[in-house]
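Please look through the structure below, taking the sheet, the helices and the side-chain pairs in turn. The paragraphs that follow are meant to be read with the structure in view.

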Amino acid sequence: MPGNEIVGKEELNELKKIFTKSNGVLFAHAFDKRRKNIFRIRSFEKELSKFFKIKYVQCVSSGTAAIKVGLKALGVKYGDEVITQSFNFIATIEAILDLGAKPIITKIDDSLNMCPDDLKKKINSKTKAVIPVHMLGFSADMSKISKICREKNIPILEDNCESVGAKFNKKYLGTLGDIGVFSFDFGKNITTGEGGALLTKNKKLFKFCKEYHDHGHELNPKYPRGMDTVKIFGFNYRMTEMQGAVGLAQIKKLKKILRENKIRYEILYKNLKDNYKIRTLFKGTTPSYDTMMFEVKNNKLRSKIISFLKKKKIGTKNVPDAIKWHFAHYWKHAINMEQIKSIQSSRKKIESYIAIPILIKQKVSTYKEIGSYIKKLAD
């Protein structure tokens with residue numbers, strides 16, 4: 001969660017410019033003369049496009065909104081099935097349900113992300129889209145997942161809300177599927193407080209997302225906004241100029257965030273790799289180093305490690321402290337018991353892990369101390 005750790009004068013300066021240079025216009029649209037034709041969200045989108053090497057970017061009000069808008073763009077409707085994974089965040093399921101579609105849940109592999117073998121078993125004639133989720137900094141097996149979906153002609157919505165800046169085979173996560181989605185909430189690698197984005201190479205999909213998130217506005221240059229043309233109904237999932245301003249400051253910090261994350265992660269990795277099972281990182285990929293996730297099946301040992309992490313004011317991230325919001329076994333209000341029973345092997349897997357958050361405001365020496373302590377416990 002480094003983005004929120006380094007919110008400071010740069011973000012404040014960008015916010016001030018809204019009032020000193022744009023006369024306080026907080027909308028992402030209209031008031032062209034008053035705002036002196038300065039559009040911060042559009043500038044943020046351009047910076048995201050440049051950084052992630054993707055042609056089209058549409059900012060929205062949240063990562064959850066991005067998932068829903070993306071699914072709408074892919075044509076998901078009532079009665080369709082959308083496959084996603086058991087280690088996840090409830091938002092992905094909520095977006096599927098909100099469209100009247102049915103979430104289908106896969107097991108996880110040793111990356112703790114979508115199991116391609118289980119994905120293959122669960123595809124049927126009702127499958128409209130697949131959502132692999134890159135959880136806590138690590139990529140799903142996009143080579144196998146992409147191959148399966150290509151063979152079945154099923155689009156991929158790549159949920160990269162939790163791994164912004166990570167790569168798979170030298171390409172940024174979020175740029176590999178038909179649509180990728182980011183979250184910029186306060187716990188993410190870069191933050192705008194709330195907020196999200198959709199990324200795509202497909203002009204037609206981008207056009208739909210652009211219109212749908214803004215009440216269907218086509219933004220026809222021949223007409224003023226109040227007389228704009230429209231072809232589809234939409235909804236309001238717009239980001240505000242204040243979020244865009246913060247985003248402009250944060251995107252400039254992402255390389256530093258990833259660099260500092262890596263330093264701390266690698267200290268833990270060197271200490272733990274010989275004595276603990278660490279989640280699988282696929283060859284040729286680069287994580288965002290958001291967390292160190294390693295397996296500890298012994299309950300007494302787990303308790304000692306978690307207590308020490310609390311003592312050092314690091315704690316854990318999602319596993320185990322927020323597992324009820326991040327694993328489908330606990331979502332009886334959203335999915336049926338048959339699916340819950342089908343993922344019990346994955347529940348046992350994820351509940352044997354501990355996730356140590358990487359915090360760049362924490363000293364490197366603290367991570368050395370943590371790594372050394374956990375290593376000694378295994379001796």
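Among the charged pairs of this predicted model, arginine 238 is a useful place to begin, since at 17% relative accessibility this residue counts as buried. Its partner is aspartate 214, with which arginine 238 forms a salt bridge whose closest N and O atoms are 2.8 Å apart. Both residues belong to the loop between helix 8 (203-212) and helix 9 (241-251), so the salt bridge ties together parts that lie 24 residues apart in sequence. Aspartate 214 is also buried, with a relative accessible area of 5%.

That pair is one of 22 salt bridges found when the whole structure is searched. Side chains of opposite charge can pair when their charged atoms come close, and the structure offers several arrangements of this kind. A network of salt bridges, for instance, links Lys207, Glu211, Glu218 and Lys231. Elsewhere, glutamate 369 forms a salt bridge with lysine 312, and here the closest N and O atoms are 3.1 Å apart. This pair links distant parts of the chain, 57 residues apart, with glutamate 369 in helix 14 (residues 364-378) and lysine 312 in the loop between helix 11 (299-311) and helix 12 (337-342). Glutamate 369 counts as partly exposed at 39% relative accessibility, and lysine 312 is partly exposed as well, with a relative accessible area of 23%.

A salt bridge can also sit within one helix, and helix 10 gives an example. Glutamate 260 and arginine 264 both lie in helix 10 (residues 254-272), four residues apart, which is about one turn of the helix. An α-helix has 3.6 residues a turn, so residues three or four places apart point the same way. Between glutamate 260 and arginine 264 there is a salt bridge, with the closest N and O atoms 2.8 Å apart. Glutamate 260 counts as partly exposed at 21% relative accessibility, whereas arginine 264 counts as buried at 5%.

Helix 10 can then be followed as a whole. Helix 10 has 19 residues and reaches 27 Å from its first C-alpha to its last, close to the 27 Å expected at 1.5 Å a residue. Its buried residues include Leu254, Ile257, Leu258, Asn261, Tyr265 and Leu268. The buried residues of helix 10 pack against helix 1 (2-5), helix 3 (40-52), helix 9, strand 10 (291-295), strand 11 (353-357) and helix 14.

From the helices we can turn to a sheet. Four strands form an open sheet in the order 1-9-8-5, with mixed pairing. Strand 1 (56-60) and strand 5 (157-159) are the edge strands, each of which pairs on one side only, and the twist averages 20° from one strand to the next. Strand 8 (residues 179-183) and strand 9 (residues 196-200) run antiparallel and are joined by four bridges, and serine 183 stands opposite glycine 196 in strand 9. Helix 4 (residues 63-73) lies across strand 1, strand 5, strand 8 and strand 9, and runs at about 165° to strand 8.

Which aromatic residues in helix 3 and strand 8 form a pair that ties these parts together? The structure has 17 aromatic pairs, and in one of them the rings of phenylalanine 52 and phenylalanine 182 have their centres 4.8 Å apart and their planes at 70°, so this pair is edge-to-face. Phenylalanine 52 lies in helix 3 and phenylalanine 182 in strand 8, so the pair ties together parts that are 130 residues apart in sequence. Phenylalanine 52 and phenylalanine 182 are both buried. A stacked arrangement is found for tyrosine 56 and phenylalanine 206, at 4.8 Å centre to centre and 15° between the planes. Here tyrosine 56 lies in strand 1 and phenylalanine 206 in helix 8, so this pair ties together parts that are 150 residues apart in sequence. Tyrosine 56 counts as buried at 12% relative accessibility, and phenylalanine 206 counts as buried at 16%. Ring pairs also link Phe44, Phe51, Phe52, Tyr172, Phe182 and Phe184 into a cluster.

A last residue to find is phenylalanine 89, in the loop between strand 2 (81-85) and helix 5 (90-98). Phenylalanine 89 counts as partly exposed at 34% relative accessibility. Leaving aside residues up to four places away in sequence, phenylalanine 89 touches Met135, Glu162, Trp325, His326 and Trp331. Phenylalanine 89 and methionine 135 are 46 residues apart in sequence and 8.8 Å apart in space, C-alpha to C-alpha.

Definitions and conventions: Residues are numbered from 1 along each chain as its sequence is written. This is a predicted model: local features need pLDDT of at least 70, side-chain atom pairs count only at pLDDT 80 or more; totals for chains, interfaces and linings use all residues. Side-chain values use heavy atoms; hydrogens and water are left out. A salt bridge is a side-chain nitrogen of Lys or Arg within 4 Å of a carboxyl oxygen of Asp or Glu. Helices (H or I, at least four residues) and strands (E, at least two) are DSSP runs, numbered from the N terminus. Buried means under 20% relative accessible area, exposed over 50%, partly exposed in between (1.4 Å probe, protein chains only). The expected span of a helix is 1.5 Å times one less than its number of residues. Contact means heavy atoms within 4.5 Å. Two strands pair if DSSP finds at least two bridges between them. Axes are lines fitted to C-alpha atoms, for helices over the stretch in contact, and angles run from 0 to 180 degrees between N-to-C directions. Rings of Phe, Tyr and Trp (its six-membered ring) pair if their centres lie within 6.5 Å; planes under 30 degrees apart count as stacked, over 60 as edge-to-face and the rest as tilted.
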